[in-house]
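I opened this notebook to keep track of what I looked up, entry by entry. Salt bridges come first, then the cores, then a pocket.

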Amino acid sequence: MERSKFVFVAAVLFSCLAQLALAGSISITVTATTSVFEDTGVVNITLQNNGDEAAEDVRVSLQLPSGFESESVIIGKLVPRVPWSGSIFVNTTDNLLTGAYPAVILTQYRDANGYPFSSVSKNSIVYKEISYSDVSGMMKKTELSDNGNIIMTLRNLGSNAMDAKIRIYLPLEIKANEYEKYIHLDSKEEKELEFKISNFGALAGSSYFVLSAIEYDGDKHYTSFASGIVEIKEKAEIAGLETSWLIFLLIALIIIFILYQFKGRIRWKKNTK
């Protein structure tokens, strides 16, 4: 009986380790192309899963500013190494300045266990005429456990002052206290801007791509992007508890093994008397 118990515990442990070792991964890349359009435009999108596990319930949508609308596209299952290509149609709903506008792509999917994931991808649309922004932006890398701050540096490289709107785009697993801020930039001026963010289901050990669109009006509408990475860190106390649990499990398994060997020797000695 003791031998059976030991074999069972060892089998469970090794089975868990094997499942962890064989766990699949999902890594979806998104590419998009758009052209200059009038009242209706098309954004052509290609998705490819570069992992080794199929992504379930995949769908994509455009995060558009006021004055534009579109519908999401449901893809379903995205198997590894088999690209999907499709189009999202965009309509204008208001009188707009010509120029470039953000059309950030939100991708949502689930893994084999039903756990939801999402990502954002940089993309813009051009309404009637191309425009080139004088504002550049950079994001510092952010580490996040529960709460943190995304810090951006904005530079006005042009000769005119402007009032800019900064909109931050995050995967659904991260949320912000506020998603839009406004800032005045004089010519050749540099300023820092901060967004407070919090963990809303992001997995520890993962890295998430985040974006901000920097928009302002002049003779046209201008858009530029800043991008960065948010790394999700596990709390030290949680990591300590998990490590302690694994050590306890290992010690318990060793004790069971020693007891099994010890009892086996006692039986052998009794049988030889």
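**Entry 1: salt bridges.** Before counting, I fixed the rule that a salt bridge is a side-chain nitrogen of Lys or Arg within 4 Å of a carboxyl oxygen of Asp or Glu. I also noted that what I am reading is a predicted model. By that rule I arrive at 12 salt bridges.

The pair I looked up to begin with was Asp-57 and Arg-110, whose side chains meet in a salt bridge at 3.9 Å, N to O. Since Asp-57 belongs to strand β4 (residues 55-63) and Arg-110 to strand β9 (residues 104-110), the pair ties together parts that are 53 residues apart in sequence. I checked how open the two partners are: Asp-57 is partly exposed, with a relative accessible area of 43%, and Arg-110 is partly exposed as well, at 32%.

Next I turned to Glu-129, which forms a salt bridge with Lys-220, with 3.2 Å between the closest N and O atoms. This pair links distant parts of the chain, as Glu-129 sits in the loop between β11 (124-127) and β12 while Lys-220 sits in the loop between β19 and β20, 91 residues apart. For Glu-129 I wrote down a relative accessible area of 39%, which makes this residue partly exposed.

I then found Glu-180 and Arg-167 joined by a salt bridge of 3.9 Å, N to O. Here strand β17 holds Glu-180 and strand β15 holds Arg-167, so the bridge ties together parts 13 residues apart in sequence. Both ends are partly exposed, Glu-180 with a relative accessible area of 32% and Arg-167 with one of 25%.

Last under this heading, I noted that Lys-141, Glu-231 and Lys-233 are linked in a network of salt bridges.

**Entry 2: the cores.** Which residues touch the most other members of the largest nonpolar core? I found that they are Ile-150, Met-152, Ile-166 and Ile-174, in a core of 27 residues. Several strands each supply at least two residues of this core, among them β14 (147-156), β15 (162-169), β18 (190-199) and β20 (221-232). I reminded myself that in soluble globular proteins nonpolar side chains tend to be buried together.

I followed Ile-174 further and, setting aside neighbours within four places in sequence, listed contacts that include Leu-144, Tyr-179, Ile-197, Ser-198, Phe-200 and Val-230. A second, separate core has 25 residues, including Phe-37, Leu-47, Ile-88 and Ile-105.

**Entry 3: Ser-198.** I wanted to know whether Ser-198, a residue of strand β18, is buried or exposed. Ser-198 counts as buried because its relative accessibility is 9%, and the cut-off for buried is under 20%. Apart from residues up to four places away in sequence, Ser-198 touches Leu-144, Asp-146, Asn-147, Glu-173, Ile-174 and Lys-175.

**Entry 4: a pocket.** I looked up the second largest pocket and found about 240 Å³ of space in it. Its lining includes Gly-24, Glu-53, Tyr-109, Asp-111, Phe-117 and Leu-203. I sorted the lining residues of this pocket into 5 nonpolar, 3 polar and 2 charged.

**Entry 5: the whole protein.** To finish, I recorded that the protein has 2 helices and 20 strands. Of its 273 residues, 38% count as buried. Among contacts between residues at least 6 apart in sequence, 67% join residues at least 24 apart.

Notes
Residues numbered from 1 in each chain as written. Predicted model: local features only at pLDDT ≥ 70, side-chain atom pairs only at ≥ 80, totals over all residues. Heavy atoms only, no water. Core = buried A, V, L, I, M, F, W, Y, C linked by side-chain atoms within 4.5 Å. Buried < 20%, exposed > 50% of the residue type's maximum accessible area, 1.4 Å probe, protein only. Helix = DSSP H or I, 4+ residues; strand = E, 2+ residues; numbered from the N terminus. Contact = heavy atoms within 4.5 Å. 1 Å grid on protein atoms, 1.4 Å probe; cavity = no way out; pocket = protein on both sides within 12 Å on 5 of 7 lines; lining within 4 Å. Points joined across faces, edges and corners; volume = space filled by probe spheres on them. Nonpolar A, V, L, I, M, F, W, Y, C, P; charged D, E, K, R; others polar.
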